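Thanks for asking me to look this over. Here are my notes, in the order I would go through them with you.

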There are 2 protein chains.
Amino acid sequence: MTTTAARRDRQRQQLVEAAERAIAEKGLAGLKARELAGEIGCALGALYNLVRDMDELVLRVGSRTLARLDVTLDRASQAAFSAAPQDAAGRLVAVALAYCAFARENPRLWRTLFEHRMAEGSEVPEWAVAEQMQLFRHIMAPLADLLPQAGDQQRFLLGRTLFSAVHGVVAIGLEEKLVAVPRQELDRQIEALVRLVCAGLAAEPRLIR
Amino acid sequence: MTTTAARRDRQRQQLVEAAERAIAEKGLAGLKARELAGEIGCALGALYNLVRDMDELVLRVGSRTLARLDVTLDRASQAAFSAAPQDAAGRLVAVALAYCAFARENPRLWRTLFEHRMAEGSEVPEWAVAEQMQLFRHIMAPLADLLPQAGDQQRFLLGRTLFSAVHGVVAIGLEEKLVAVPRQELDRQIEALVRLVCAGLAAEPRLIR
DNA sequence: CATAATTTTGAACGACGTTCACAACAGACG
DNA sequence: CGTCTGTTGTGAACGTCGTTCAAAATTATG
C-alpha cells in the first residue's frame, strides 16, 4: 500500500517546510530537532526516518532556496534582455542586482547556503554541488556575448571571479555585524563594480589574457 | 600583591594562545572549553575568571589574527611601494595578493574572523570593530593616489567595495566545499579583478560618479 | 594567628543531535 | 477472528557542549 511510503513523503515535505520557516525566522542556529518534531507532530526519533540527519535537512532547504534564487535570476536576466538585447553588461548588472535583492529579502536562508558546514566526515553530496553550478549559467550567458573571442576556460574563470566578487560585496554589505548598508548604496556599489569590470574588459582585454 | 592579578594575566595569555592553536588546527568548531582548561592546567569553571565567555575568547584570537594580517599587508604594501612608487594599482594588487596568501596560510584562523557569530543578545564590542576598520588603510592609501580628485566618501565606498570583492574571491576560492582552486590560478583571478577595476576606473571615471 | 574576602573546583544544569530498546501496529496466512 | 512476523513510532537515555554555583581552598587583612 502507499499508506506508509506516501505518508512518509508527505511528512518529509512538511518537515522541510517547517525547517525552512525556522531558518527564515531564526537563522540556521535556530533550527532545533525537538521543535521540528513538535511542529510536524511526530516523535523526536521519527525525524530520522524522514531524513538521515540535520545536515540532510539543511541541504534540502538549501535546494529550495537555490531553486527560488534561480527563478529570480532568470526573470531578471530575461527582463534585461527584453529591454536591451545587445547590452550584455546591463544583463550582468541586472543579475547581480537581483542576486543582491534576493539576499536582502531572504537573508537567513541565503546566509545558510554559505555558512552551513557538513558534520565532520561528511561531504556535500554531488547533487547539491550540481545545483550550485547550475546558477552559473546566468553569468556565463551574458559573458559569452561580452567576450565572444575568449576561450571557454577563460570565460568560466572570469565568471567565477565575477560571481565571487559580487557575492563578497553582498555578503559584507548585508552583514549585521557592522551597520547595515542602505539598499540604494549597496545597489550602487554592485552596479559600479560590475560596470567597472566590464569597462576594464573593454579597455584592456589583455588583462584576462 | 601582584600574585593574583599577574598570574591571571599570564593564564589568560596562555588561554588565548591555546585557543589560537586549537582553532588553527581544528577550526572554530574544534574549540572546546574542557580541552582548553586541561591544556592550561586549570579547572573548567576557572576559565570564566579569565574570560567572560567563549565569544570573548574567540574575539581575542581574532584580534591576534588581525594584527598578524596587518603586518603582512603592511609589508606587501611597502615592498610594492619601494619597487614602483607611482604604481598605485600595483600596490592594490600586492595588498590583495598578500591578503589571499595570508588566508591560504592561516585558513582556519582567517575563516574564524568571518564565520564567528556572537551569542544571541551580545554585540561585537567596539574595539573589535575598530580593529577591522584599521585594515582599510592599506586599501585607502593606494586609492588616494589612484583617485586624487575623488571625494573621501566616494573613495571610502570604493575601497570597501574593492575589499569585499577581493574577499569574496578569496573566500570562495579557498572553500573546501568545492575543489580547491590552485594557488597560481587564484592569484591570477585576484590580480585580474583588481587590474580590471583599475582599468575601468581609468577608462570610465564617471562610473563612480 | 584569626578572620574575612576572594578564587578555584568539579559536579550539576539545561540544551543539543542522535540512538535504541521497546511498544504499537500493519499485513499475511490459517 | 486470531496469531505470527516484520516494520514503524516512541520518548527516555546517551554523550557532548557551554555555563553556573555551592562548597572547598587559598589569599589578603586586621
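The points below cover the pairing of the chains, a helix contact and the DNA.

1. This is a predicted model, in which local features need pLDDT of at least 70 and side-chain atom pairs count only at pLDDT 80 or more, while totals for chains, interfaces and linings use all residues. Residues are numbered from 1 along each chain as its sequence is written, with chains lettered from A and ligands numbered from 1 in the order in which they are written.

2. Let's begin with the two chains. In chain B, 28 residues are in contact with 28 residues of chain A (C-beta atoms, placed from the backbone, within 7 Å). On the side of chain B that touches chain A, α9 (152-174) and α10 (183-203) each supply at least two residues. That side divides into 17 nonpolar, seven polar and four charged residues.

3. Chain B is superposed on chain A by a rotation of 180° with 0.0 Å of shift along its axis, at an RMSD of 0.0 Å. That is the relation of a two-fold axis. The copies meet through the same surface, because 100% of the interface residues of chain B are also interface residues in chain A.

4. Within chain B, helix α5 (residues 88-105) packs against α10(B) at an angle of about 150°, with the axes 9 Å apart. Their contact has ten nonpolar, no polar and five charged residues.

5. Finally, the DNA: 19 residues are around strand C, and among those that come nearest are A33(A), D53(A) and G45(B). Near here means a C-beta atom, placed from the backbone, within 6 Å. By class, this surface has eleven nonpolar, five polar and three charged residues.

Terms used: Ala, Val, Leu, Ile, Met, Phe, Trp, Tyr, Cys and Pro count as nonpolar, Asp, Glu, Lys and Arg as charged, and the others, Gly among them, as polar. Two residues are in contact if their C-beta atoms, placed from the backbone, lie within 7 Å. Helices (H or I, at least four residues) and strands (E, at least two) are DSSP runs, numbered from the N terminus. Copies are superposed by least squares on the C-alpha atoms of residues with pLDDT of at least 70 in both. Axes are lines fitted to C-alpha atoms, for helices over the stretch in contact, and angles run from 0 to 180 degrees between N-to-C directions.
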